[in-house]
Amino acid sequence: MKCRVCRGSAIIDLRRHNANFCAEHFVKFCHDQVARAIKDHKMIASGDRALVAVSGGKDSLAIWRILRELGYEADGLYVGLGIGEYSEDSGGYVRRFAEANDLNLVEVDLRREYGYDIPHGSRAARRAPCSACGMSKRHVFDKAAVDGNYDVLVTGHNLDDEAAVLFGNVLRWQTDYLGRQEPVLEARPGFPRKVKPLIRLAEREMAAYCVITGIDYVLDECPMAVGNRHIGYKEALNAIEVQSPGTKHDFYHGFLRSASAKFKPETDAARDALNDCQSCGAPTTNEVCAFCSLVERATAAQPVRLSPRPEREKRQKKSTTPATDERTT
Amino acid sequence: MQITLRNPTRTVEVKGPMSVQKLMNRLKVNRESVLVISNGALVPGDAQLPDSAAVEIRSVISGG
């Protein structure tokens, strides 16, 4: 295979673009796609200070690097989630990346700042771990961006992420969510401006970008996310994509072009009805926001965690039994 | 060829030489969900992998 640009040896083939690239021109392709997304959706203005939410994974580290390559001022924000070895490893990747590239990193540790971590907090609040994690991160991202006077909060959501979320929302016709699935969410009181500059690049392309440019990222999947619904949606979409290249792009970008605006009135009405959380002041539909409610439950549950009650031990015993049986059959 | 797959990490032996696309078919792996890295370098679908190659099939799907 030959590179579409220079006719040198290609190292990657992108069937959805009917194109192959050498390393140099693939990197340029990625930068161009991000620049185009930023321009098309007016994501970041010249002179803006950006805060990039980084997890140690391929997408967030790559977008941090790309924004700097494109000349934007961008600091990183890492949230310590307390998911055992996985979080320790992830933090290490982020810190090494920031140090090697001489970048400014802001860190927030959930345990230190709020007194809980995701495994215990989600259990105490009776929320799915991915739901508690997403909500915690969103709150911390918003607060850090607003408190730090950043003009824009950048996340590393790629085309596959957005297509999978859209797929899930369409399958259940969650029209309130469909109205807010946009690549740019404007700033409102308590919320920073949020943008997703990777919406033109697929997950496979981001991983390739990291391999080519030497970005060392965490390869292991979060142990709490293994087998989650989001991953299932991505696999389903990839099963279609391999038969019909370009489907994910057409699905998501077609939605933005032709359907997203239809769901906005419902979302806007819900936004207008928001109050200030009585505890932290963040916008919420209730008296106390979901995040503060999670913190309250999670921290109230701390003594229980340190000294298990008999019924808790019973529950734990019960939950381990099927797994043991499964392994032996 | 020694093939390393991720999430979970495991190793399998496959007789080479073989093209990347054929290897994907043999292992029933969707090419959209992985990168193929042979002896440390990315390789496209039509690349021939020699029997001596150390190949990593790296999953690119993350939970988000």
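Start by selecting chain A and colouring by secondary structure: 15 helices and 10 strands should appear. Here helices (H or I, at least four residues) and strands (E, at least two) are DSSP runs, numbered from the N terminus. You are looking at a predicted model, in which local features need pLDDT of at least 70 and side-chain atom pairs count only at pLDDT 80 or more, while totals for chains, interfaces and linings use all residues. Residues are numbered from 1 along each chain as its sequence is written, and chains are lettered from A and ligands numbered from 1 in the order in which they are written.

**The whole of chain A**

Zoom out for a moment. Along the principal axes, the C-alpha atoms of chain A fill a box of roughly 70 × 55 × 45 Å. The radius of gyration of chain A is 21 Å, which agrees with the value near 20 Å that a compact globule of 329 residues would have. That radius is taken over C-alpha atoms, and the globule rule is 2.2 Å times the number of residues to the power 0.38.

**The sheet of chain A**

Next, show the strands of chain A. Six of them form an open sheet with mixed pairing, in the order 5-4-3-6-8-7; two strands pair if DSSP finds at least two bridges between them. At the edges, pairing on one side only, are strand 5 (105-109) and strand 7 (184-185) of chain A. Select strand 7 together with strand 8 (residues 194-195) of chain A: they are antiparallel over two bridges, and Val184(A) stands opposite Val195(A).

Now add helix 2 of chain A, which packs on this sheet, touching strand 3 (49-53), strand 4 (73-80) and strand 6 (152-154) of chain A, at about 160 degrees to the direction of strand 3 of chain A. Helix 3 (residues 84-100) of chain A lies across strand 4 and strand 5 of chain A, also worth displaying, at about 160 degrees to strand 4 of chain A. Axes are lines fitted to C-alpha atoms, for helices over the stretch in contact, and angles run from 0 to 180 degrees between N-to-C directions. Contact requires that the C-beta atoms of two residues, placed from the backbone, lie within 7 Å.

**Two helix pairs**

Keep helix 2 (residues 58-69) and add helix 9 (residues 203-213), both of chain A: their axes come within 9 Å and cross at roughly 60 degrees. Among the residues making this contact are Leu61(A) and Arg65(A) of helix 2 of chain A, and Met206(A) and Tyr209(A) of helix 9 of chain A.

Then move to helix 7 (residues 159-171) and helix 10 (residues 229-243) of chain A, whose axes are 9 Å apart at an angle of about 105 degrees. These two helices of chain A are therefore roughly perpendicular, a label for angles of 65 to 115 degrees. Select Phe167(A) in helix 7 of chain A and Tyr233(A) in helix 10 of chain A, which are among the residues that meet here.

**Across to chain B**

Now turn on chain B. Its open sheet has five strands in the order 2-1-7-4-5, with mixed pairing, and its edge strands are strand 2 (10-13) and strand 5 (41-42) of chain B. Strand 4 (residues 34-38) and strand 7 (residues 54-59) of chain B are antiparallel over five bridges, where Val34(B) has Ser59(B) as its bridge partner.

Which strands of chain B does helix 9 of chain A lie across? Helix 9 of chain A lies across strand 4, strand 5 and strand 7 of chain B, at about 30 degrees to strand 4 of chain B. To finish, select the whole meeting point: 20 residues of chain B are in contact with 29 residues of chain A.

Notes. Angles under 35 degrees count as roughly parallel, over 145 as roughly antiparallel, 65 to 115 as roughly perpendicular and the rest as oblique.
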